Amino acid sequence: MHNLIHYKEHYGRISYSANNKEFTGSVAGEKTSNNVSLKGSSEEEVKKAFKDYIDEMMNTGKNKKS
């Protein structure tokens, strides 16, 4: 399973590994300076982690510009 996700102009992907019984997510795009890997026990948990990461990244960017 692979699901694309979108939040505040950022994209990512959620995958499920039946072998590991684990959901993982990644953030795509040039706006992210590091490779980001998200893990969770459900798709919703990874979506929340994705949104939290984007919000944090955007808030950190705003603080650097001031």
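**Close-ups of a four-strand, one-helix chain**

Of the 66 residues in this chain, 26% are buried (under 20% relative accessible area, 1.4 Å probe, protein chains only). This is a predicted model, where local features need pLDDT of at least 70, side-chain atom pairs count only at pLDDT 80 or more, and totals for chains, interfaces and linings use all residues. Residues are numbered from 1 along each chain as its sequence is written, and side-chain values use heavy atoms, with hydrogens and water left out.

**View A. The whole chain, element by element.** Reading from the N terminus, you get β-β-β-β-α. That's four strands and one helix (DSSP runs, numbered from the N terminus: E and at least two residues for strands, H or I and at least four for helices).

**View B. Contacts and surface.** Take the chain's contacts (heavy atoms within 4.5 Å) between residues at least 6 apart in sequence: 29% of them join residues at least 24 apart. The chain exposes about 5,000 Å², with carbon and sulfur atoms supplying 46% of that (Shrake-Rupley method, 1.4 Å probe).

**View C. Lys 8, in the loop between β1 and β2****.** The flanking strands are β1 (2–7) and β2 (10–17). Lys 8 isn't a glycine, yet its phi is positive, about 45°. Most residues other than glycine have a negative phi. With a relative accessible area of 42%, Lys 8 is partly exposed (that is, between the buried limit of 20% and the exposed limit of 50%).

**View D. Glu 9, also in the loop between β1 and β2****.** Here's another non-glycine with a positive phi: Glu 9, at about 65°. Glu 9 counts as exposed, at 61% relative accessibility (the cut-off is over 50%).
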